[in-house]
Amino acid sequence: MEVELFGAAAWSPQSLREEITGPGRTYVGAVLPDGRLVGYAGTWFDGYDVQVMTVGTDAAHQGRGIARRMLVHLLDAARTAGAAAALLEVRVDNDPAIHLYESLGFTRLGRRRGYYQPENADAWTMRRDLRAR
Ligand SMILES: CC(C)(COP(=O)(O)OP(=O)(O)OC[C@H]1O[C@@H](n2cnc3c(N)ncnc32)[C@H](O)[C@@H]1OP(=O)(O)O)[C@@H](O)C(=O)NCCC(=O)NCCS
């Protein structure tokens with residue numbers, strides 16, 4: 001699923017394993033009744049802010065609210081853990097993800113030129129305050 005969702009930017013199985021078990025990481029998966037994984041998302045909390053590390057939903061199951069539900073859960077958990085804000089980067093041409101993040105209250109902070117390599121694609125940095133009511 002990682003390769004299907006992220007193509008050349010996909011993490012290797014080893015990178016993914018190290019990422020999921022890394023310090024401060026929280027990962028959630030969306031699982032069908034038959035046990036199939038159809039989505040996953042994760043954050044890294046450094047004690048101050050939480051960084052959204054990844055989110056993806058299997059193509060056949062997109063558009064059903066799975067990513068929204070995973071991120072709401074992770075952001076609630078981060079707020080409970082004491083995170084002041086949530087941060088993320090997203091490719092400037094990734095409209096579905098940008099709509100998702102904006103609908104969850106993220107706003108654009110700035111543009112990072114050539115953030116994604118080797119494609120040399122720009123990223124928006126986005127932020128959401130977790131303490132605001
Ligand atoms: C971005 C992604 C995670 C969304 O997953 P999803 O489970 O389909 O998202 P949801 O069904 O929860 O949709 C939540 C919101 O996202 C936005 N959205 C989702 N798909 C969209 C699309 N094709 N076009 C525009 N907006 C879209 C909408 O705002 C939607 O809210 P709405 O249904 O109330 O309009 C999914 O498209 C994906 O896995 N993409 C490939 C990996 C990726 O780019 N991840 C993000 C890296 S930064």
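Biologist: Let's start with a ring: which residue lies over the face of tryptophan 124?

Modeller: First, this is a predicted model, numbered from 1 along each chain as its sequence is written, in which local features need pLDDT of at least 70 and side-chain atom pairs count only at pLDDT 80 or more, while totals for chains, interfaces and linings use all residues. Side-chain values use heavy atoms, with hydrogens and water left out. A charge sits over a ring if NZ of Lys or CZ of Arg is within 6 Å of the ring centre and within 35 degrees of the ring normal. At 5.2 Å from the ring centre of tryptophan 124, the residue over its face is arginine 111.

Biologist: And ring against ring: how many aromatic pairs are there?

Modeller: Rings of Phe, Tyr and Trp (its six-membered ring) pair if their centres lie within 6.5 Å; planes under 30 degrees apart count as stacked, over 60 as edge-to-face and the rest as tilted. By that rule, the number of aromatic pairs is 2.

Biologist: Take tyrosine 101 and phenylalanine 106. What is the angle between the planes?

Modeller: Those two rings sit 5.9 Å apart, centre to centre. The pair counts as edge-to-face, with the planes at 65 degrees.

Biologist: What about the pair of tyrosine 115 and tyrosine 116: how far apart are they, centre to centre?

Modeller: That pair is edge-to-face too, with 85 degrees between the planes. From centre to centre, the two tyrosines are separated by 4.9 Å.

Biologist: Back to phenylalanine 106 for a second: buried or exposed?

Modeller: Buried means under 20% relative accessible area, exposed over 50%, and partly exposed in between (1.4 Å probe, protein chains only). Tyrosine 115 comes out at 35% and therefore counts as partly exposed. Tyrosine 101 has 6% and is buried. Phenylalanine 106 has just 3% relative accessibility, so it counts as buried.

Biologist: On to the fold: in what order do the strands of the sheet lie?

Modeller: Helices (H or I, at least four residues) and strands (E, at least two) are DSSP runs, numbered from the N terminus. Two strands pair if DSSP finds at least two bridges between them. Here 6 strands make an open sheet with mixed pairing, in the order 1-2-3-4-6-5.

Biologist: Which strands stand at the edges?

Modeller: An edge strand here has a single partner, so one of its sides has no neighbour in the sheet. That holds for strand 1 (25–31) and strand 5 (107–116).

Biologist: By how much are neighbouring strands turned against each other on average?

Modeller: Axes are lines fitted to C-alpha atoms, for helices over the stretch in contact, and angles run from 0 to 180 degrees between N-to-C directions. With direction ignored, the average turn between neighbouring strands of this sheet is 25 degrees.

Biologist: Strand 5 has its partner in strand 6. Which residue is the bridge partner of arginine 112 there?

Modeller: Strand 5 and strand 6 (residues 121–129) run antiparallel and are joined by 6 bridges. In strand 6, arginine 112 is partnered by alanine 123.

Biologist: Which strands does helix 4 touch as it packs on the sheet?

Modeller: Contact means heavy atoms within 4.5 Å. Helix 4 (residues 95–103) makes an angle of about 165 degrees with the direction of strand 4. The strands touched by helix 4 are strand 3, strand 4, strand 5 and strand 6.

Biologist: At the other edge, which glycine in the turn between strand 1 and strand 2 has a positive phi?

Modeller: Strand 1 and strand 2 run antiparallel, with 7 bridges between them. They form a hairpin with 5 residues in between. The turn residue with a positive phi, about 95 degrees, is glycine 35.

Biologist: And in the hairpin of strand 2 and strand 3, which glycine has a positive phi?

Modeller: Strand 2 and strand 3 also pair in the antiparallel sense, over 7 bridges. Glycine 42 stands opposite threonine 54 in strand 3. Their hairpin has 4 residues between the strands, and the turn residue with a phi of about 100 degrees is glycine 47.

Biologist: Where is asparagine 120?

Modeller: Asparagine 120 has a positive phi of about 60 degrees although it isn't a glycine, and at 51% relative accessibility it counts as exposed. A cis peptide bond joins glutamine 117 and proline 118, and proline 118 is found in the loop between strand 5 and strand 6. Asparagine 120 also has its place in the loop between strand 5 and strand 6.
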